[in-house]
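Please open the model in a viewer with selection by residue number enabled. The tour below proceeds from the overall fold to a helix pair and then to the ligand.

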Amino acid sequence: MRKSLSKLPLVGTNIFTKMSGLAAEVGAINIAQGFPDFACNPELIALVDQAMKGGFNQYAPMPGLLKLREGIAEKTFELYRREYDPGTEITVMPGATAGIYSAIQALVQPGEEVIVLEPCYDSYIPSIILAGAVPVRYKMKFPGYAIDWEEVRRLINSRTRMMVINTPHNPTGNILTREDMLALQSLVRDTDLLVLSDEVYEHIVFDGEKHWSVSAFPELAERSIMVASFGKTYHATGWRVGYVLAPAEMTAEIRKVYQFIAFSASTPVQHALAAFLNKKEAYLQLNLFFEKKRDRFREMISGSRFSLLPSRGSYFQCATYERITDEGDAELAIRLTHEYKVATIPVSAFYQDHTDHRVLRFCFGKKDETLEKAAEILCKI
Ligand SMILES: Cc1ncc(COP(=O)(O)O)c(C=O)c1O
């Protein structure tokens, strides 16, 4: 009998690739995948160009350019009041995805358990499985996606090594409050649990609310790995640069793994980001920029038969559709792409059991013109 080739037999082509591919194939408007369809800052592009022409085209140092890590340390201190040592606690990587994967491979042993809160971003569970570890799922409570931390506590046992959190949250647009973070802090106190905190949408929090980073809670920060993404912050997801903040002992282990995954991230882009990081308005005003898009998009589809869930952060808007059909969301997303030429993402793709979900995710991180066209179609469904 032939041995199975697959280490991830349950994983197929991911939903974002699938829906973007289908959108392109049938010429549909793509409000599915989470990337902007508008240009990033021309100044930033000029800085990359300058770095390339200036000859910065060879490998960057493995942990990232020192001046970029220094900039990240300064920014993190200003925002969250925690000092991370650029030498031993900050690692620049090709996107948050590489950070998540490296942290899980480095810090979780085969047979250990990792708690994930579903619905969750699709890279977590495969990364856990590839580490030989066991994902333990907690389902956040529909429709508000609240977390009952006492219920989460019951999932912790002697094999539990890590919990993955994500705020602002993809796909739900929910955020963790200060109370959530304090509950998490008390939950992990007196345990060996590490917290992997995916904060790629840290600058996109709405309605005057604040982003609560693990790094703002000293007790939590000591056991946490915080992952961030320049791609999300600067509308440049294709440049593949993000970073990981973690106490020195953990960073040393994460770097051991990461050096054999990608070794380093794009050199010219790191030079550009290091020079651009002091333009604080670029990230400090991001929340207002996307809040306007959220408000406009919600208003435009308020007359549709979709029922909108709250969107408190990220650039995602979820909706139920009980007034339209009782189809499952994956089925509906495919049908809408073919019949109405609008591509969305079924939230079932963020759960292990894909069945019995009826929520679609729309990405409003798009040009106004794209959102107007998409809204016009959504109102006809
Ligand atoms: C929650 C979440 N984490 C991580 C990522 C990946 O970020 P990056 O593009 O920096 O790898 C994404 C991208 O969509 C995301 O939504």
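Begin with the helix pair: select α2 and α11, and orient the view so that one helix lies over the other; α2 passes α11 in a right-handed crossing. The model is a predicted one. In residue numbers, the selection is 42-53 for helix α2 and 267-276 for helix α11. Their axes come within 8 Å and cross at roughly 130 degrees. This angle falls outside the range over 145 degrees that counts as roughly antiparallel and outside the 65 to 115 degrees that counts as roughly perpendicular, and α2 and α11 are therefore oblique to each other.

Next, display the side chains at this crossing. On the α2 side, select Leu44, Leu47, Val48, Ala51 and Met52. They meet Pro268, Val269, His271, Ala272, Ala275 and Phe276 of α11. Colouring this contact by residue class gives ten nonpolar residues, one polar and no charged.

Now select the ligand and its surroundings. The ligand is surrounded by 13 residues. Which of them are the closest? They are Gly95, Ala96, Thr97, Asn170 and Ser229. By class, the shell around the ligand holds three nonpolar, nine polar and one charged residues.

Finally, clear the selection and return to the whole protein, shown as a cartoon. It contains 15 helices and 13 strands. The radius of gyration of the protein is 20 Å, close to the 21 Å from the globule rule for 381 residues, so the protein is as compact as a globular protein of that length. Along the principal axes, its C-alpha atoms fill a box of roughly 55 × 55 × 50 Å.

Technical notes: Residues numbered from 1 in each chain as written. Predicted model: local features only at pLDDT ≥ 70, side-chain atom pairs only at ≥ 80, totals over all residues. Axes fitted to C-alpha atoms, helices over the stretch in contact; angles between N-to-C directions. Helix = DSSP H or I, 4+ residues; strand = E, 2+ residues; numbered from the N terminus. Parallel < 35°, antiparallel > 145°, perpendicular 65-115°, else oblique. Left-handed = near helix turned anticlockwise from the far one by under 90°. Contact = placed C-beta atoms within 7 Å. Nonpolar A, V, L, I, M, F, W, Y, C, P; charged D, E, K, R; others polar. Near = placed C-beta within 6 Å. Rg over C-alpha atoms; globule rule 2.2 N^0.38 Å.
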